[in-house]
Amino acid sequence: MSAWVLPDHIADVLPSEARHIEELRRGLLDTARSYGYELVMPPLLEYLESLLTGTGEALNLQTFKLVDQISGRSLGLRADMTQQVARIDAHLLNREGVTRLCYCGPVLHAAPDRPRATREPLQFGAEIYGHAGPEADVEALSLALACVQGAGLAGFTVDLGDVRIARSLMAGVMLDASILQKVHAALAAKDATELAGLTKNFPQASREGLLALLQLYGDVSVLDEAEKLLAGIPGAQHVLQHLKWFAAQFPQANVTFDLADVRGYSYYSGTRFAVYVPGASDALVRGGRYDEVGAVFGRNRPAAGFSLDIKQLVSVVPSRPLRAAIRAPWGSDTQLSSAIAQLRAQGETVVCVLPGHESEVDEFDCDRVLVHSAGQWVVQAI
């Protein structure tokens, strides 16, 4: 095999895309900071039991594993950063009250999580800890939408759901983990035949309620229909009313509902949201409430947040023009060097043209040139 061939779903990022990704990364972090979120940088690898503890267990199949040559203990390359940030909140910061944290860095997946996806996403996310009220959920989605809009996207759809409805329908039903996982998969795929077979021994109310969820997706009228179909399910009416209230906080957004979308069932503890944009085959942003995320670290704090893959984001945002730059000659003249240094200190990009390469095209739009005129170096438009 050639030395330059990379593993499947792993790729180099070339200049144009890398520039765009970096600009998006900076913009997302600036947006999070404007909301009061502090940046943290968790390590790329941790002891396996820390990465896969509690809600992180669902990531077991997505986590690359290796042995630490120093301690002999098993390590994992992170497949998601949410667990790590929960650990930081619980043990390293250990603050009272509300804590807002954001992060951005590469994660590694043992298998792509969707068709044509990279196995090395660049994950950006934000978490708010310490507030159990719905205001935290609203802030998380508000920040997510600000990030999407700041990246230049419009025409997006916000899809809402709540895992508490499916949990209420399965309360008291004894299931092993494999069957539960198949039920979740059937719900997410809206596979009525599979779901009917899996629930044939369920109590009638649970079975009928779960099958009804498959049809409960669409606009706000779905919630009115759900109130009728789930009238006898404990807690369902409260959740449905909460979803109506939550959607009303975003009158500017196109909001839909999918009560059968239970992806992340073992992770989320309440309202969940997904943001879809034109041109993306899957949700661009996923988030919601996950109050149990820090429990395994000894601090069961309320938590809400979201994450996205910047590499997925860059594939659907409008392309950006090349950055304007100044072309300068190569030389050892002190006055020339001083002029170039001063321009760069002012934030300009100055590209020195090496001898014999004057006609080559580079990654910058050189719309000006540094020329020697009347005894000094000046910038002129091309």
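**A walk through the predicted chain, starting at His-242**

His-242 is buried, at a relative accessible area of 14%, where buried means under 20% relative accessible area, exposed over 50%, and partly exposed in between (1.4 Å probe, protein chains only). The residue sits in helix H10, which covers residues 236-248; helices (H or I, at least four residues) and strands (E, at least two) are DSSP runs, numbered from the N terminus. Leaving aside residues up to four places away in sequence, His-242 touches Pro-134, Asp-162, Arg-164 and Thr-271, a contact being heavy atoms within 4.5 Å.

The structure is a predicted model, in which local features need pLDDT of at least 70 and side-chain atom pairs count only at pLDDT 80 or more, while totals for chains, interfaces and linings use all residues. Residues are numbered from 1 along each chain as its sequence is written, and side-chain values use heavy atoms, with hydrogens and water left out.

As a whole, the protein chain contains 12 helices and 16 strands. Its C-alpha trace spans about 90 × 55 × 50 Å along the principal axes. Of the 382 residues in the protein chain, 46% are buried. Taking contacts between residues at least 6 apart in sequence, 68% join residues at least 24 apart. The exposed area of the protein chain is about 19,100 Å², with 54% of it supplied by carbon and sulfur atoms; accessible areas come from the Shrake-Rupley method with a 1.4 Å probe, and for residues only the protein chains shown count as cover.

Nine of the strands form an open sheet with mixed pairing, in the order E1-E5-E6-E12-E11-E10-E7-E9-E8. Strand E1 (38-39) and strand E8 (217-218) stand at the edges with a single partner strand each, so one side of each has no neighbour in the sheet. Two strands count as paired if DSSP finds at least two bridges between them.

Strand E11 (residues 285-289) is mostly covered, with four of its five residues buried. On one pairing, strand E10 (residues 271-276) runs antiparallel to E11 and is joined to E11 by four bridges; here Phe-273 stands opposite Gly-287 in E11. On another, E11 is joined by five bridges to strand E12 (residues 303-309), again antiparallel, and Gly-288 stands opposite Gly-305 in E12.

Strand E7 brings in a parallel pairing: E7 and strand E9 (residues 254-258) are matched over four bridges. Val-158 lies in E7, which covers residues 157-162, and stands opposite Val-255 in E9. What surrounds Val-158 beyond the residues up to four places away in sequence? The residues touched by Val-158 are Leu-141, Leu-145, Ala-253, Asn-254, Val-255, Thr-256 and Ala-274. Val-158 counts as buried because its relative accessible area is 2%. The C-alpha atoms of Val-158 and Ala-283 are separated by 9.5 Å, although the two residues are 125 apart along the chain.

The next topic is charge. Side chains of opposite charge can pair when their charged atoms come close. A search of the whole structure finds 25 salt bridges, each defined as a side-chain nitrogen of Lys or Arg within 4 Å of a carboxyl oxygen of Asp or Glu.

One of them joins the side chains of Glu-38 and Arg-95, at 2.5 Å from N to O. Glu-38 lies in strand E1 and Arg-95 in the loop between helix H3 (82-93) and strand E5 (99-106), so this salt bridge ties together parts that are 57 residues apart in sequence. Glu-38 is partly exposed, at 35% relative accessibility, and Arg-95 is also partly exposed, at 31%.

The side chains of Glu-46 and Arg-87 form another salt bridge, at 2.7 Å from N to O. This pair links distant parts of the chain, with Glu-46 in strand E2 (residues 45-47) and Arg-87 in helix H3, 41 residues apart. Here both Glu-46 and Arg-87 are buried.

Other salt bridges link up: Asp-159, Asp-261, Arg-272, Asp-282 and Arg-286 make a network. Within it, Asp-282 forms a salt bridge with Arg-286, their closest N and O atoms being 3.4 Å apart. Arg-286 counts as partly exposed because its relative accessible area is 21%.
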